[in-house]
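Here are a few short exercises to work through with the structure open beside you. Try each task before reading its solution.

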Amino acid sequence: MSSPLDLPLSKAGIAGLQAAVASKLAKKGVHTVRDLLEYVPRDYIDLSKTKRIVDLKIGEQATVLGKIHKVDGRYLRGRKHMLSVKIGDGTGYIEVVFWNQPFRAKNYATGMEVAVAGRFERRAGRFQVSGNPFIEAIRGDDEGVHTGRRIPIHPATEGVTTMMIRRYVHSALGKYGRLIEEPLPPALVKRLKLMPRSDAIAEMHFPTASDSSSRAKRRLAFEELFVLEAGLAVRKHRFEREVRGLSHPGGADLVERFLRSLPFRPTAAQRRAIEEIASDMAEPRPMHRLLQGEVGSGKTVVAVAAALVAAGSGSQTAFMAPTEVLAEQHFLTVRRLLEPLAGAAPAEDGRLFGEGFGVELLTSAVTGKARQRTLEEAAGGRATMLIGTHALIQEGVEFKRLGLAVVDEQHRFGVHQRIALRAKGSDDAEPDLLIMTATPIPRTLAMTLYGDLDVGVLDEMPSGRIKVRTHVLGPAERDQAYERIREEAVAGRQAFIVCPLVSDSETLEAKAATTEYERIAKDVFPDLRVGLIHGRLRSAQKERVMQALRDGEIDVLVATTVIEVGVDIPNASIMVVEDADRFGLSQLHQLRGRIGRGEHPSTCFLLTSLDQADTEQRRAARERLAAMAATTDGFVLAEKDLEIRGEGQLFGRGAVTAEDGTGAPAQAGQSDLRFASPLVRNVELLAAARREAFALVEDDPRLTDPAHGLLREEVRRRFGERLDWLFAG
Ligand code: ADP
Ligand code: MG
């Protein structure tokens with residue numbers, strides 16, 4: 001099981017790589033020999049095709065070898081820092097200039113042999129390298145590690161230069177390269193004529209042919225996606241064929257009466273989704289379904305219908321929402337929706353439910369006697385539906401017969417919370433699972449992230465909705481937005497002012513919102529009724545504010561992102577987002593989804609003081625705002641987001657940590673993928689890997705064939721924790 005490849009780097013006997021260096025590499029996620037071997041170069045420079053300085057042409061992209069003659073770093077007027085490195089090769093001199101990167105100076109010293117790659121320009125009579133130049137230290141005495149070929153440029157980190165990493169990798173390849181195993185089944189490698197893994201790793205670092213690094217990376221990307229999809233396939237297979245579930249054939253009449261009692265006509269998409277769910281639930285195997293639907297598409301109605309299918313078949317439903325505000329709102333909504341059905345006997349058998357529908361709420365705010373009573377209702381089977389935050393998955397919460405688990409706004413939860421909720425079912429049967437999300441998932445990601453779920457889409461909005469108009473405004477134009485708020489308030493509408501994201505700290509955010517509230521209430525709208533909500537308020541206070549908002553007693557609500565998900569106030573028609581450039585695209589889309597939920601035309605103002613797009617970060621921010629103004633289509637925005645940001649972590653580890661669940665968005669972290677990132681550029685590879693992996697698992701559902709032993713091992717190593725790998729041991 002344990003291979004020398006799993007040795008920590010400090011114990012791997014690699015020259016120069018001691019504990020101090022190892023701990024620095026660890027920050028890049030490189031801990032073991034294996035990690036080092038799989039550390040992907042970000043670029044290459046071709047030292048076999050260098051040019052003499054005298055032969056350089058202006059505007060040319062080339063590599064030059066030379067020696068550093070002078071390093072000069074200083075601050076200019078206006079406090080800009082300029083670092084100039086002068087390099088000569090005997091035929092002439094070039095100068096590389098770095099702006100505002102004083103820390104680079106320590107990497108260069110007079111006399112050092114370097115390779116310089118970039119675009120060469122003539123400026124003020126001197127040859128300069130512009131664009132994104134790089135200088136690489138090289139040494140002639142290194143037996144070709146650094147010279148005479150294409151050399152890898154690995155992402156460096158504080159205190160570990162690319163040259164150091166290159167040497168470590170070279171040495172690790174020599175020492176451990178032979179031990180690299182092939183996780184792909186031999187038959188597959190043969191049929192698809194894939195480069196063996198050990199060759200691919202070596203070629204990725206030190207390519208021997210001009211196209212071999214890209215072929216190697218492609219092969220490794222395929223493998224990575226194959227491994228991931230194999231894990232998903234095993235999990236799907238297990239859910240579908242090996243786990244006993246409950247069959248829920250009843251409830252059809254209840255659902256029909258419910259739909260007819262609604263104050264509106266259900267959309268065709270809602271009816272279709274309900275039918276799909278009911279037919280899944282009728283089966284004895286557990287349902288494992290994702291319902292995607294744009295914000296405002298009416299997912300709650302579908303969830304309630306599913307709960308009625310369960311109730312009509314004698315099962316209870318747990319309905320988990322990510323925030324207290326949302327759980328409370330669902331609780332009130334569901335009660336209201338079910339009122340017309342009161343008195344209907346939900347279950348044919350009289351063992352559960354007594355009279356009518358018991359709908360209960362469980363959050364951290366429900367304490368003492370009330371909590372005790374709620375728990376008893378659930379355990380005794382009298383609660384038809386238990387709605388709550390992740391208080392639902394805590395110990396002590398028991399059901400008599402949990403048949404359906406609904407998870408709302410899935411993006412706020414991690415896979416572990418999903419699993420914990422399902423575990424509230426009885427020992428011998430898993431409840432059906434319905435996951436709902438308003439975060440549109442691009443097709444690419446749906447195949448990975450939710451690769452083991454059946455996916456349904458609510459692709460139709462209730463009629464009569466008018467698209468929200470979105471404007472990007474500079475700080476000088478803020479008054480225009482306020483003007484509109486006033487007009488809308490006079491017309492009886494309501495508005496949200498969303499405060500800037502101060503940091504991930506809720507306390508700071510609460511403070512910022514409070515300051516903004518005071519300003520708005522006193523200086524801007526002294527004549528309007530202004531309210532405040534943020535995550536630091538006590539539950540009861542939050543409830544009061546939301547109730548006042550619902551009752552029309554607040555004209556303008558100053559809020560943090562606690563209102564990001566699910567909040568449903570059809571009368572709200574205007575939203576101002578301060579410092580909108582600091583929010584992510586999906587978050588802005590979610591926020592904007594709080595308006596335009598009724599029949600009133602709605603407007604969203606995105607305020608930004610970013611007027612320039614001079615850095616990568618600012619450019620991305622401007623792009624996000626432009627995309628928001630251009631479309632309200634969540635799928636278009638999701639694709640755009642993926643394009644701007646990369647896929648990040650594929651498997652949310654659950655952003656909800658605080659019990660009040662006001663959680664800041666999940667940290668956009670490093671990608672879970674090493675070779676196949678960015679995923680958007682590897683869609684075809686993903687589809688192919690998925691096809692192959694699912695076919696393999698069809699024949700060997702638990703990967704117990706000895707030919708699949710290494711594959712199984714690799715699935716566990718790479719994605720085991722994320723997939724909650726179910727055949728551990
Ligand atoms: P989401 O999909 O964002 O969770 P909700 O379930 O909160 O959406 O529904 C949004 C609003 O639309 C609610 O006020 C709900 O009552 C209303 N609604 C749901 N279905 C319909 C429909 N078919 N026609 C009109 N309004 C509807
Ligand atoms: Mg919702």
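**Exercise 1.** Find the distance between an oxygen atom of ligand 1 and a backbone N or O atom of serine 297 in this predicted model.

*Solution.* Start at the backbone of serine 297: one of its N or O atoms is 3.4 Å from an oxygen atom of ligand 1. Next, take the cut-off for a polar contact, a pair of N or O atoms within 3.5 Å. The serine 297 pair, at 3.4 Å, therefore counts as a polar contact.

**Exercise 2.** Which atoms of threonine 267 and arginine 597 face N or O atoms of ligand 1?

*Solution.* For threonine 267, look at the backbone: a polar atom there lies 3.5 Å from a nitrogen atom of ligand 1. For arginine 597, turn to the side chain, where an N or O atom is 2.9 Å from an oxygen atom of the ligand. Then consider the cover: of the 560 Å² of accessible area that ligand 1 has on its own, the protein covers 86%.

**Exercise 3.** Describe the surroundings of ligand 1.

*Solution.* First, locate the site: ligand 1 sits in the second largest pocket. Then list the shell, which holds 16 residues, the closest being Gly296, Lys299, Thr300, Arg465 and Asp568. Finally, sort the shell by type: six residues are charged, six polar and four nonpolar.

**Exercise 4.** Where does pLDDT stay under 50?

*Solution.* Begin with the overall picture: the average pLDDT is 85, and 88% of the residues score at least 70. Residues 651-670 stay under 50, with 60 contacts beyond four places in sequence in the model. Residues 725-729 are also below 50, and this stretch has 15 contacts beyond near neighbours in sequence. Predicted coordinates should not be read in detail where pLDDT is low.

Notes
Residues are numbered from 1 along each chain as its sequence is written. Chains are lettered from A and ligands numbered from 1 in the order in which they are written. This is a predicted model: local features need pLDDT of at least 70, side-chain atom pairs count only at pLDDT 80 or more; totals for chains, interfaces and linings use all residues. Side-chain values use heavy atoms; hydrogens and water are left out. A residue is near a molecule or strand if one of its heavy atoms lies within 4 Å of it. A polar contact is a pair of N or O atoms within 3.5 Å; within protein, one must be able to donate a hydrogen and the other to accept it, and residues adjacent in sequence count only if both atoms are side-chain atoms. Accessible areas come from the Shrake-Rupley method with a 1.4 Å probe; for residues, only the protein chains shown count as cover. On a 1 Å grid over the protein atoms alone, a cavity is a set of points where a 1.4 Å probe fits but cannot get out, and a pocket is an open set with protein on both sides within 12 Å along at least five of seven lines; lining residues have an atom within 4 Å of a point. A molecule sits in a cavity or pocket if more than half of its atoms lie within 2 Å of its grid points. Ala, Val, Leu, Ile, Met, Phe, Trp, Tyr, Cys and Pro count as nonpolar, Asp, Glu, Lys and Arg as charged, and the others, Gly among them, as polar. pLDDT is the predictor's confidence in each residue, from 0 to 100. Contact means heavy atoms within 4.5 Å.
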